[in-house]
Amino acid sequence: MKAKTRYFGEIDIAEDKIITMDKGMIGFPELVHFALIFDEERDAKEFSIMWLQSMDDGDIAFPVIIPSTIVPDYNPTVSEEIISPLGELTPDNTYLLTTVKVPSQIDKMTSNLKAPIVINMENNKAVQLIVEDDYDVRFPVYNLIQGLKREKAGE
Amino acid sequence: MLALTRKKGEALVINNNIEVTVLEIRGDQIKIGISAPKDVPIYRKEVYLQIQKENEAAISAEGVDLLKGLMK
């Protein structure tokens, strides 16, 4: 599947790598095909920004992170019924992502821990849902990220 | 928008599989019971709108450019 993207130029993603969100991202029901774009050189467990690039609208890419890399005890309660269309989820095939928002001041950047994206990496089906837990919609992450970077530099 | 008047204890059926019941009326608050298939997400609208707004803000070109700079 090909797409002309605003941030990554023209990309061609193998069909079996296309992530399908039947219900779209919340507020964007018409966008159902995505590619997860990330830096392959980084360890998956390590903090990094990845991109959920829409294949339906090349101008749209959601910056996302693996929330547990900055909030190690992040463990939202996810309704089994809402994620049942994703098929059987196991710790090994499940990817949990949260979106990142950067206002004009970068140190005010936040991640939305209230509405994670759950992906089944085996069949590439995904859903964004709102959890009942008391997680912050605008959880500040900039200082945590800078802290992690310094830790890494000091290794 | 369809407007229907209901009393306490009365219900509406939507699409054969969703039932909305007025459980309690107290002053300007009403308690609503919803029976729906469990894979139908039901959210308080203000929470839903907040998430929608965050999603819209996350894809702002200005923010994305700043972020790409940070990750270099």
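In this predicted model, chain A is built from two helices and 11 strands. Starting at the N terminus, its elements come in the order β-β-β-β-β-β-α-β-β-β-β-β-α. The radius of gyration of chain A works out at 15 Å, close to the 15 Å that the globule rule gives for 155 residues, so chain A is as compact as a globular protein of that length. Along the principal axes, the box that holds the C-alpha atoms of chain A is roughly 40 × 35 × 30 Å.

Burial and contacts fill in the picture for chain A. Of its 155 residues, 50% are buried. Take the contacts between residues at least 6 apart in sequence, and 54% of them turn out to link residues at least 24 apart. On the outside, chain A shows about 8,100 Å² of surface, with 47% of that coming from carbon and sulfur atoms. As for charge, chain A carries 15 positive side chains and 27 negative ones. The centres of these two sets sit 7 Å apart.

Chain B comes next. Its inventory is two helices and three strands, and along the sequence these fall into the pattern β-β-β-α-α. Here the radius of gyration is 20 Å, well over the 11 Å that the globule rule gives for 72 residues, so chain B is more spread out than a compact globule. Its C-alpha atoms take up a box of roughly 60 × 30 × 20 Å when laid along the principal axes.

What share of the 72 residues of chain B counts as buried? The figure is 21%. The contacts can be sorted by sequence separation here too: among those between residues at least 6 apart in chain B, 0% join residues at least 24 apart. The accessible surface of chain B adds up to about 5,500 Å², and carbon and sulfur atoms account for 53% of it. Its charged side chains number 11 positive and 10 negative, with 5 Å between the centres of the two sets.

Put briefly, the two chains read as follows. Chain A, with its two helices and 11 strands, is as compact as a globular protein of its length, and 50% of its residues are buried. Chain B, with two helices and three strands, is more spread out than a compact globule, and buried residues make up 21% of it.

Conventions
Residues numbered from 1 in each chain as written. Chains lettered and ligands numbered in written order. Predicted model: local features only at pLDDT ≥ 70, side-chain atom pairs only at ≥ 80, totals over all residues. Heavy atoms only, no water. Helix = DSSP H or I, 4+ residues; strand = E, 2+ residues; numbered from the N terminus. Rg over C-alpha atoms; globule rule 2.2 N^0.38 Å. Buried < 20%, exposed > 50% of the residue type's maximum accessible area, 1.4 Å probe, protein only. Contact = heavy atoms within 4.5 Å. Areas by Shrake-Rupley, 256 points an atom, 1.4 Å probe, with all protein chains shown as cover. Lys, Arg positive; Asp, Glu negative; His and termini not counted. Charge placed at Lys NZ, Arg CZ, Asp CG, Glu CD.
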